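This report concerns the side-chain features of a single protein chain. The sequence and coordinates are shown first.

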Amino acid sequence: MASSFLSFTLLFISLYTADGFRNYVLERCVFNSTELNDIEYIYSCYYNKLEIARFSSSVGKFVGYTTFGLKQADYWNSDPSQLALRNNEKERYCLNNIEIDYQAALTKSAEPYVVLSSTTPSAGQHPSMLVCSVFDFYPQQIRVSWIRDGQEVTSDVTSTDELADGDWYYQIHSHLEYTPRSGEKISCVVEHASLKEPLVTDWDPSMPESERNKIAIGASGLILGLILSLAGFIYYKRKARGRILVPTN
């Protein structure tokens, strides 16, 4: 699995009330491992919501983006102590925090759970579709595949990207279009860093629980209706036998 591309940001904001303008700096560490060579330190200067100059450890100096920013970049680049300060931040600031992050969160993992369901494809050459939905896994990298009668399926399979839930967890949905065959066995296979071995979920072609519930509710309603009708009929017959006929002149 490819290593994830991560970054964290520390934001310092300094407000100046004169003329209503705002000036602030943004420091970022962009990395994909704890190796110093895989880390980039970025120091950006903003004025009135516009980035005017930036220092990047990959470039090793300030670069200006506006007329004022160009002048500031030249000024800072002419000061060896300013360049030494910024170049040192890659190791002092970024490396230390990245190692903490890796230990605190990035080495952790969360096992996924799988929901296998059937649906009818909106368009396609096959009459049936299975959907393998994988939820609540971390880290992001995951592999979802299909096995049919012991062989991996490589055609008529589509998958979404890993979708972020916004709470560090991810979900993914894989679709298999197929023509059902009697006695076949279809399984969804999930491989993830949190799992010691692949998670295999077999498709049960019997009626889904939701459909069984619908039929059970319908049958219960029918039986109840018959019981009420029978009770009403018996009550009517008993009332009819207890009536006394009075002759009329």
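The sections below treat disulfides, aromatic rings and a glutamate in turn.

## Basis of the report

The coordinates are those of a predicted model. Every value quoted here is therefore computed from that predicted model.

## Disulfide between Cys29 and Cys94

Searching the whole structure yields 2 disulfides. One of them is formed by Cys29 and Cys94, with the sulfur atoms 2.1 Å apart. Its torsion about the S-S bond is -80°, a left-handed link. The bond connects distant parts of the chain: Cys29 belongs to strand S2 (residues 22-31) and Cys94 to helix H2 (residues 80-106), 65 residues apart.

Both ends of this bond can be classed by accessibility. Cys29 has a relative accessible area of 0%, and it is therefore buried, the limit being under 20%. Cys94 likewise counts as buried, at 0% relative accessibility.

## Disulfide between Cys132 and Cys188

Cys132 is joined to Cys188 by a disulfide with an S to S distance of 1.9 Å. Because the torsion about the S-S bond of Cys132 and Cys188 is about -80°, this disulfide is left-handed. Cys132 is found in strand S7 (residues 128-137) and Cys188 in strand S13 (residues 186-192), so the bond ties together parts that are 56 residues apart in sequence. Cys132 and Cys188 are both buried.

With the bonded cysteines of the chain numbered in sequence order, the pairing reads 1-2, 3-4. A further cysteine can be classed by accessibility: Cys45 has a relative accessible area of 6%, which means that Cys45 is buried.

## Aromatic rings

The count of aromatic pairs comes to 9. Ring pairs link Tyr41, Tyr43, Phe55, Phe62, Trp76 and Tyr93 into a cluster. In general, the distance of the centres and the angle of the planes describe a pair of aromatic rings.

Tyr43, one of the residues in this cluster, also has a charged partner. The charged end of Arg86 sits over the ring of Tyr43, at 3.8 Å from the ring centre.

## Surroundings of Glu89

Glu89 is located in helix H2. With a relative accessible area of 6%, Glu89 is under the 20% limit and is therefore buried. Its side chain makes a polar contact of 2.6 Å with the side chain of Arg92.

Apart from neighbours within four places in sequence, Glu89 is in contact with Glu27, Tyr41 and Cys94. Two of these residues appear above: Tyr41 in the aromatic cluster and Cys94 in the disulfide with Cys29.

Notes
Residues numbered from 1 in each chain as written. Predicted model: local features only at pLDDT ≥ 70, side-chain atom pairs only at ≥ 80, totals over all residues. Heavy atoms only, no water. Phe/Tyr/Trp six-rings, centres within 6.5 Å; stacked < 30°, edge-to-face > 60°. Lys NZ or Arg CZ within 6 Å of the ring centre and 35° of its normal. Disulfide = S-S within 2.5 Å. Helix = DSSP H or I, 4+ residues; strand = E, 2+ residues; numbered from the N terminus. Buried < 20%, exposed > 50% of the residue type's maximum accessible area, 1.4 Å probe, protein only. Polar contact = N/O pair within 3.5 Å; in protein donor to acceptor, adjacent residues only side chain to side chain. Contact = heavy atoms within 4.5 Å.
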